[in-house]
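Please read the following account with the sequence and the model side by side. It moves from the chain as a whole to particular residues and helix pairs.

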Amino acid sequence: MDDPYQNNVNQQGETYPTYGGGEYTYPYQTDYPPQEEEDAASDVTEGHDDDEQMYEGEYQGIPHPDEIKEARRAARREARMKARMAAEVEEETLPDQYESIMEDCGHGRFQWTLFTVLGLSLMADGVECFVVSFALPSAEKDMCLSNADKGMLGLIVYVGMMIGAVLWGGLADKLGRRQCLLYALAINCIFSFLSCFAQSYGFFIFFRLCSGIGIGGSIPVVYTYYAEFLQMDKRGEHLSWLCLFWMLGGLYASFTAWGIIPHYGWGFSMGTEFQFHSWRVFVLVCFLPSVAALAGLVFMPESPRFLLETARHDEAWMILKQVHDTNWRAKGEPERVFQFSQIKMPQAQDDEFIEIQSETGTAFQRFMVRHMTLVKQVMKNLMSLAAPDLRLHGLFIAIVWFTMGFSYFGLGAWFPDQIKYLQFEEYESNVKTFHREKVEHFHFNFTLQNQVHKEGEYIHDRYIYLFIYRKMRNVKFEESLFENCYFEDIRSTDTFFENCTVKNTVFYNTDLWEDSKFIDCKLENTTFLHPKKGCHLNFQEENDILIYLVCFLGSLSVIPGNIIAGLLMDKIGRLKIIGGSMLGSAGCTFFLLLCFSQWAVVFFQCLFFAASAAAWNGIEVVTVELYPTSKRATAFGVLNGTCKLAAIISSFIFGKVIGITKIIPIILSFSALVCGGLLAFKLPETREVILQ
């Protein structure tokens, strides 16, 4: 056998023993002059063969170099194994420890304060869903909107909210819950305020779109934010109570619209170019909940669960201590000590922001690198929702969100339109028709409405013939003759002259002008003096009090469903709440086929909203509990955006069939609710699940 400790000889003839042999060799040079081989051998080692030769530093207590290297390898292997085991333990115990911390902090003043602030954010979201629909009847007259423009204005808010939900939900998992909610509410406040003063349709629709993008982040961020301050046994109940604020937003919008819009005098004008009518006052008042929420949120801390997820341990500990001290001080135990001095840390994330030193590159380059990195992180987090462990449950809950949003928001827009259509049918049935009437030397000084005049003659011999109609609503003249007539100070709604002959007639200070009110008419020696061109508001006719009352009652009817959901959410489970509520709502929808009067529609609308309220609570609670902290807001934003997409689709479809058939909206909504309700039972029950 070759000697593993043989000497190497360099070019000068000096000898260097080598140790270890094989793959690893380490030259070692002594400090002593070379000796003869036989003299260097000690008495103890004398007689040993080459295979049994011992390391000569053994008796001096010097470890063998191979032993040192092997010890280092073993230490590194052990360190890696401990790190791997520690990481696994951290992943398992951080949620448990965080739950223990929240139990130690208790539920008290801090959570109720945060509850109020975040509730105002949800209230602002509820107001945003109603503000355009209430202002639209007046806005369409004030800005002369066509039917296509009205339809776009009604849908643009949902488009903005859909974009905002996905945008702010994704950013909240990277920038923080509080910070993103501050940005979202600030954008909503700014553009809501600007929309009050927009005089053109283009600016108004742009400002409402941006306002919707801002408030779209409210629901996904608010529920994620608040859930991370709640312990497991309180989460379902208190998230359900939080839903009440969305209903309060509907009540606030309905009540203020009822009290402000019909008052034409609540506004001002600056010449003919700038008009600020009462519907604009209503829009201005509707952004106040968002302002209040923004002001309160300034004093709230970031979610400690998010801070732990992003390795900001000290900040999280300070906030948790603040929650603990605030709650126990309010309960009369200020001496109670926060017991957790150490908090488990998750494994550091690999994709943190790329920071560039101040001397590296320009400010623009640093700005672009940081924001492009943020975009990549958000997109990566978004794509991770399709991971195998989340894919199936994510698909199921997305379908439930879509079906619920399709039926709820679609029917929510259909109910008022259907009531208006029934009113119109009743109005049309009372139309008075005058055929071949002849009127001479008559002074009209009263309101004309809901009349059709065919082949009439309105003439005089010598005297001026006065038409002084204070209001003309839904009046139509067909194939009639007007000669030597005088029209003064007239405001009209849906009034037209068709195939008429007008001779020697003066129109003074009226909104009857040649381009829009006279269809295929022959005008001879006709004068229009001081015409009121443009669209003019007639608030008593254009703003039916019944519509405000209907929306008010619909929002009020949500209260029983919210109360029931809050009381039973942690007792019978989320899935039974969702499934039972959606199937109950489907039953209410089916009975709409039997409604032929306005008040029957109002009754079943209230019943539908009451039954569906519990489903919304359950869906939002399950969504929060189903996803881990790093993906929670992103997933909620995507699912809420799916709901808004369903609202856009259903509102468009249902609006097209108003006055044609009511079977399509009812059958589509019924089918969607049944499918979503049955599928909800396939979701995992999260009632006793710790937030991961």
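A residue is called buried here when its relative accessible area is under 20%, exposed when that area is over 50%, and partly exposed in between. Cysteine 588, in this predicted model, has a relative accessible area of 12% and is buried because that value is under 20%. Cysteine 243, at 7% relative accessibility, likewise counts as buried. A search for disulfides through the whole structure returns zero.

With that cut-off in hand, the chain can be considered as a whole. Of its 692 residues, 48% are buried, and its secondary structure comes to 23 helices and 20 strands. When contacts are taken between residues at least 6 apart in sequence, 68% of them join residues that are at least 24 apart.

Two buried residues show what such surroundings look like in detail. Phenylalanine 229 sits in the loop between α7 (218-227) and α8 (232-242), and this loop residue counts as buried because its relative accessibility is 1%. Beyond its neighbours within four places in sequence, phenylalanine 229 is in contact with Met102, Phe110, Gln111 and Leu114, with Pro301, Glu302, Ser303 and Pro304, and with Ile319 and Val323. One of these partners, serine 303, is 74 residues away along the chain, yet the C-alpha atoms of phenylalanine 229 and serine 303 are separated by 7.3 Å.

Aspartate 173 offers a charged counterpart, this time within a helix, α4 (residues 147-175). With a relative accessible area of 6%, aspartate 173 is buried. If its neighbours within four places in sequence are left aside, the contacts of aspartate 173 are with Phe306 and Asn381 and with the residues Thr629, Ser630, Lys631, Arg632, Ala633 and Thr634.

The next step is to see how helices pack against one another, and α5 is a useful place to begin. Helix α5 (residues 177-197) packs against helix α11 (residues 288-297) at an angle of about 150°, the two axes lying 9 Å apart. Because angles over 145 degrees are counted in this way, α5 is roughly antiparallel to α11, and the crossing in which α5 passes α11 is left-handed. On the α5 side the contact is made by Arg178, Leu181, Leu182, Leu185, Ala186, Asn188 and Cys189, and on the α11 side by Ser290, Val291, Ala293, Leu294 and Leu297. By class, the residues of this contact between α5 and α11 are nine nonpolar, two polar and one charged.

Helix α5 also meets α7, the helix that precedes the loop of phenylalanine 229. The axes of α5 and α7 come within 10 Å and cross at roughly 150°, which makes α5 roughly antiparallel to α7, and α5 passes α7 in a left-handed crossing. Here Arg177, Arg178 and Leu181 of α5 meet Ser218, Val221, Val222, Thr224 and Tyr225 of α7, and the contact of α5 with α7 holds four nonpolar, two polar and two charged residues. Arg178 and Leu181 of α5 thus take part in the contact with α11 as well as in the contact with α7.

A further pair is formed by helix α9 (residues 244-260) and helix α10 (residues 278-285), which pack at an angle of about 155° with their axes 9 Å apart. These two helices, α9 and α10, are therefore roughly antiparallel to each other, and their crossing is right-handed. The contact brings Tyr252, Ala253, Thr256, Ala257 and Ile260 of α9 together with Ser278, Val281, Phe282 and Val285 of α10. The residues of the contact of α9 with α10 divide into seven nonpolar and two polar, with no charged residue among them.

Finally, two loop residues deserve a look for their backbone angles. Most residues other than glycine have a negative phi. Glutamate 479, in the loop between β11 (471-478) and β12 (481-483), has instead a positive phi near 50°, and with a relative accessible area of 47% glutamate 479 is partly exposed. Aspartate 520 lies in the loop between β18 (518-519) and β19 (522-524) and has a positive phi of about 55° although it is not a glycine. At 62% relative accessibility, aspartate 520 counts as exposed, because that value is over 50%.

Note on methods:
Residues numbered from 1 in each chain as written. Predicted model: local features only at pLDDT ≥ 70, side-chain atom pairs only at ≥ 80, totals over all residues. Heavy atoms only, no water. Disulfide = S-S within 2.5 Å. Buried < 20%, exposed > 50% of the residue type's maximum accessible area, 1.4 Å probe, protein only. Axes fitted to C-alpha atoms, helices over the stretch in contact; angles between N-to-C directions. Helix = DSSP H or I, 4+ residues; strand = E, 2+ residues; numbered from the N terminus. Parallel < 35°, antiparallel > 145°, perpendicular 65-115°, else oblique. Left-handed = near helix turned anticlockwise from the far one by under 90°. Contact = heavy atoms within 4.5 Å.
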